[in-house]
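Hi,

Here is the structure I promised to send over. Have a look at it first, and then read on for what turned up.

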Amino acid sequence: RGITHDTGNDRMVVTQAGTYEVTAGFEVRRVGGSVSGTNILSRASIKRSGSWIMHGDTMWRSAGTTYGNNSVRVRTYASVGQYFEIFAYANFDGTKTIEQLGGLNSAAFFVGFKEIT
């Protein structure tokens with residue numbers, strides 16, 4: 001109630017004004033390219049109607065090809081017609097690429113709901 005999934009634009013659209021809880025996360029399963037022991041930033045972020053409102057960062061200091069989870073959560077007011085989007089980001093110093101986010105469609109999520117008051 002209060003929010004709908006816009007599958008064409010991969011976003012959640014607010015249909016009732018109010019306070020919303022939005023949570024998202026992903027798992028980076030495999031990274032391609034050379035992997036060193038330098039710090040690597042990965043981030044899950046939420047935008048409301050095109051503006052960044054929250055970031056969930058994880059710094060990895062690991063050699064290898066498997067990384068972990070990122071998640072982000074925000075409680076915020078939204079008006080009718082505003083929308084929420086999530087983004088995954090990784091700074092692999094230009095030598096690596098994300099080959100897989102999660103697996104079997106079970107390692108990524110995007111949830112939004114309106115608080116009932």
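Leaving aside its neighbours within four places in sequence, which residues is valine 72 in contact with? There are three stretches to look for: Val22, Thr23 and Ala24, then Ala44, Ser45 and Ile46, and finally Met54, His55 and Gly56. Try clicking on Val22 in particular: valine 72 and valine 22 are 50 residues apart in sequence, yet their C-alpha atoms are 8.3 Å apart in space. Valine 72 itself lies in strand E6, which covers residues 69-78. Is valine 72 buried or exposed? Its relative accessibility is 4%, and because buried means under 20%, valine 72 counts as buried.

Before you go further, keep in mind that this is a predicted model. The mean pLDDT of the protein is 75, with 62% of the residues at 70 or more. Among the elements, strand E2 (residues 11-14) has the highest mean pLDDT, 92, and strand E8 (residues 96-101) has the lowest, 53. Where pLDDT is low, the predicted coordinates shouldn't be read in detail.

Now the overall picture. The secondary structure comes to nine strands and zero helices, so reading along the sequence you get β-β-β-β-β-β-β-β-β. The protein has 117 residues, and 34% of them count as buried. If you take contacts between residues at least 6 apart in sequence, 72% of them join residues at least 24 apart. The valine 72 and valine 22 pair, 50 residues apart in sequence, gives you a feel for that kind of separation.

Next, have a look at glutamate 85, in strand E7 (residues 83-91). With a relative accessible area of 14%, glutamate 85 is buried. Beyond its neighbours within four places in sequence, glutamate 85 is in contact with Arg11, Ser45, Ile46, Lys47, Gly50 and Phe110. Do Ser45 and Ile46 ring a bell? They are also among the contacts of valine 72.

Last stop, the outside. The protein exposes about 6,700 Å², and carbon and sulfur atoms supply 48% of that. Which residues form a nonpolar patch on the surface? They are Phe109, Val111 and Phe113, with about 260 Å² of accessible area together. Valine 111 is found in strand E9 (residues 108-114), and its relative accessible area of 41% makes it partly exposed.

Have fun exploring!

Notes:
Residues numbered from 1 in each chain as written. Predicted model: local features only at pLDDT ≥ 70, side-chain atom pairs only at ≥ 80, totals over all residues. Heavy atoms only, no water. pLDDT = per-residue confidence, 0-100. Helix = DSSP H or I, 4+ residues; strand = E, 2+ residues; numbered from the N terminus. Buried < 20%, exposed > 50% of the residue type's maximum accessible area, 1.4 Å probe, protein only. Contact = heavy atoms within 4.5 Å. Patch = residues over 30% accessible without salt bridge, like charges linked within 9 Å, V, L, I, M, F, W, Y side chains within 5 Å. Areas by Shrake-Rupley, 256 points an atom, 1.4 Å probe, with all protein chains shown as cover. Salt bridge = Lys/Arg side-chain N within 4 Å of Asp/Glu carboxyl O.
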